Amino acid sequence: MELWTAATPNGWKVTIMFEELIEAGIELPDFKIRTINLSKGEQFTDEYTKHCPNAKIPVLIDGDTSVMESCAILQYLGDKYQTSLLPEGEGRWQTLQWLYWQAANVGPVFGNKLSYTRYMDDVDPAKKEHPLTRFGGEALRLVGVLDRQLAGRDYVCGEDLTIADIALYPWIRGYKWSKVDITPYENVFNWVSRVRARPAVERGLAYGVPKGEIDQWSAERKAQYRKGGASIAANPAE
Ligand SMILES: N[C@@H](CCC(=O)N[C@@H](CS)C(=O)NCC(=O)O)C(=O)O
């Protein structure tokens, strides 16, 4: 089994899943992680798009089967290795609806908010006003939905962590980065700490990232980005 990925929220979903499966006692076959260099455009090569026609990371290659889309990969692994990460019966549909909610809403909206907040330095600020308001407002609405779902629950679908939490966590944890203020949403804020405290999540997030940088950018990495003109490098550590 091979995972072609990069150190980004959609990539971390799958490496967290590997680690949670191992934590649950599953003996995974030998798997290989291949880092795709997005800035060099490795996602556009014929070799890559043969497995992932959408030309985005991650893609899982399991023998003759290639699966693109991070949430489909979570579901594939959840089906292949039966654990409480993708329960059966009623719990399955509870989990899948929140998984698809992430894929259709939180991922694209947080991704766009992040992009306009951090990466579009060359765009006239007046032109960014509408998308920032639109995606910022929608991101907060989604956080409100998640907050209500988490009331009285440790995890999105109840007492146990599922692939719905794994899909949501890498995007929500980056709230400072995307400047979506989740702090008034107590259930979400506490859930972020709860998920973060899991050893498998810690290990999953560390794929492709030096340990000291897991939760913040090192001075060296910021300097690299500053050279490219990105304002993210100028932000103080929060
Ligand atoms: N819906 C896709 C989104 C994948 C995605 O946007 N991947 C980003 C990194 S997080 C990527 O490959 N970006 C490179 C590019 O757009 O060229 C998924 O969940 O797998």
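Ala, Val, Leu, Ile, Met, Phe, Trp, Tyr, Cys and Pro count as nonpolar here, Asp, Glu, Lys and Arg as charged, and the others, Gly among them, as polar. By that scheme, the shell around the ligand divides into four nonpolar, five polar and two charged residues. The model is a predicted one: local features need pLDDT of at least 70, side-chain atom pairs count only at pLDDT 80 or more, and totals for chains, interfaces and linings use all residues. Residue numbers start from 1 along each chain as its sequence is written.

**Ligand surroundings**
- Around the ligand (C-beta atom, placed from the backbone, within 6 Å of it) you will find T8, P9, N10, L38, Q43, K56, I57, E69, S70, C71 and G107.
- Two or more of these residues come from each of α1 (9-23) and α3 (70-80); helices are DSSP runs of H or I with at least four residues, numbered from the N terminus.

**Core and helix α6**
- Helix α6 (residues 163-172) has 10 of its 10 residues buried, meaning 20 or more other C-beta atoms within 10 Å of a residue's own, with C-beta atoms placed from the backbone.
- Those buried residues pack against α1, α3, α4 (90-119), α7 (175-178), α8 (186-196) and α9 (199-205).
- L74 touches K13, M17, L99, I163, I166 and A167 (C-beta atoms, placed from the backbone, within 7 Å), leaving aside residues up to four places away in sequence.

**Confidence**
- Mean pLDDT, the predictor's confidence in each residue from 0 to 100, is 90 for the chain, and 87% of its residues reach 70 or more.
- Over residues 230-238, pLDDT stays under 50, and the model has 13 contacts for them beyond four places in sequence.

Technical notes. Contact = placed C-beta atoms within 7 Å. Buried ≥ 20, exposed ≤ 12 C-beta atoms within 10 Å, placed from the backbone.
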